[in-house]
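Here are my notes on the model, as numbered points. Have the structure open while you read.

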Amino acid sequence: MTAIDKIQALDLIEKELIMCLQSAGAALMELSKEKTSQKATETNVNQFLKSLNNVETKLSEQINYLTQVSTGQPHEGSGYASAKVLQMAWHRIQHVKSRIKDLEECKMRYIQANRMQSNRVGQNTSSSTAGVML
C-alpha cells in the first residue's frame with residue numbers, strides 16, 4: 001500500500017468513528033426522552049457497537065503496520081531501515097577509531113618501555129665494561 005492508500009484508510013477510520021459517536025449520541029438522546037423507544041435505542045446501540053468494532057479492527061491493522069515499519073523491516077517508501085544501517089555503520093566506525101587509538105597508546109607504551117629497558121641495559125653494560133678496563 002502506498003502512503004496515499006494509508007491516509008485514505010485513516011480517513012475511513014475517522015468517518016467510521018464519527019458514525020460511532022453519532023450512534024452513541026442518538027442512543028443517549030433516545031434514553032433521555034420521557035417515552036423511550038426500545039427498538040430505536042437497540043438499533044442505535046447495535047450500530048454503535050458495530051461501528052466501534054470496525055474502528056477497533058481497522059486501527060489495530062494500522063498499528064500493526066506501523067509496528068512492522070518501525071522495527072527496521074524493509075518497506076517501500078520508508079527510509080528507516082537505511083537510516084538505521086547508516087547509524088550502525090557510524091557507530092562501528094567510532095568503535096574502530098577508539099580501538100585503534102587504544103592500540104596506538106599501547107604501542108607507544110611498549111616502545112617507551114623497550115627504550116627504557118635498552119637504556120638500562122646499555123648503562124649497565126657500559127659501567128661493567130668501564131670497570132673491567134680499569
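1. I'd start with what sits on top of the inward-facing side of H1. The cover over the buried residues of H1 includes helix H2, which runs over 38–70. Keep in mind that this is a predicted model.

2. Which residues of H1 are they? The buried ones are Lys6, Ala9, Ile13, Glu16, Cys20, Ser23, Ala24, Ala27 and Glu30. Note that the list has charged names in it, Lys6, Glu16 and Glu30 being among them. A general reminder for reading such a list: an α-helix has 3.6 residues a turn, so residues three or four places apart point the same way.

3. H2 has a buried set as well, made up of Thr41, Asn44, Ser51, Val55, Gln62 and Val69. Of these I'd click on Thr41 to begin with. Thr41 has a relative accessible area of 11%, so it counts as buried, the cut-off being under 20%. As for its neighbours, and leaving out residues up to four places away in sequence, Thr41 touches Ala27, Glu30 and Leu31. Two of the names there, Ala27 and Glu30, also appear among the buried residues of H1.

4. Now look at the same contact from the other end. Glu30 is a residue of helix H1, and at 9% relative accessibility it falls in the buried class. With residues up to four places away in sequence again set aside, Glu30 is in touch with Lys35, Thr36, Ser37, Ala40 and Thr41. For a distance to check in your viewer, take Glu30 and Ala40: they are 10 residues apart in sequence, and their C-alpha atoms are 7.3 Å apart in space.

5. Where does the side chain of Glu30 find a partner of opposite charge? It meets the side chain of Lys33 in a salt bridge, at 3.2 Å from N to O. The two ends of this pair differ in cover: Glu30 is buried at 9%, whereas Lys33 is partly exposed at 44%. In general, side chains of opposite charge can pair when their charged atoms come close.

6. How many salt bridges does the structure hold? There are two. Besides the Glu30 pair, the side chains of Asp11 and Lys15 form one, with 3.5 Å from N to O. Asp11 and Lys15 are four residues apart in helix H1, so about one helical turn separates them. Here both partners are partly exposed, Asp11 with a relative accessibility of 33% and Lys15 with 46%.

7. On helix geometry, I checked the spans. H1 has 30 residues and covers 43 Å from its first C-alpha to its last, close to the expected 44 Å at 1.5 Å a residue. H2, with 33 residues, reaches 47 Å by the same end-to-end reckoning, close to the 48 Å expected.

8. Stepping back to the whole chain, the secondary structure comes to three helices and zero strands, and the order from the N terminus is α-α-α. Of the 134 residues, 11% count as buried. The accessible surface is about 11,100 Å², and 61% of that belongs to carbon and sulfur atoms. Taking contacts between residues at least 6 apart in sequence, 55% join residues at least 24 apart.

9. One surface feature deserves a look. Leu10, Leu59 and Ile63 make a nonpolar surface patch of about 260 Å². Leu10 belongs to helix H1, residues 3–32. With a relative accessible area of 42%, Leu10 is partly exposed, and so it clears the over 30% that patch residues need.

10. Last, the cysteines. What does the disulfide count come to? Zero. A disulfide is a covalent bond between the sulfur atoms of two cysteines. As for their cover, Cys20 is buried, with a relative accessible area of 2%, while Cys106 is partly exposed at 41%.

Technical notes:
Residues are numbered from 1 along each chain as its sequence is written. This is a predicted model: local features need pLDDT of at least 70, side-chain atom pairs count only at pLDDT 80 or more; totals for chains, interfaces and linings use all residues. Side-chain values use heavy atoms; hydrogens and water are left out. Patches are made of residues with over 30% relative accessible area and no salt bridge: like charges are joined within 9 Å, nonpolar side chains (Val, Leu, Ile, Met, Phe, Trp, Tyr) within 5 Å. Accessible areas come from the Shrake-Rupley method with a 1.4 Å probe; for residues, only the protein chains shown count as cover. A salt bridge is a side-chain nitrogen of Lys or Arg within 4 Å of a carboxyl oxygen of Asp or Glu. Buried means under 20% relative accessible area, exposed over 50%, partly exposed in between (1.4 Å probe, protein chains only). A disulfide is a pair of cysteine sulfur atoms within 2.5 Å. Contact means heavy atoms within 4.5 Å. The expected span of a helix is 1.5 Å times one less than its number of residues.
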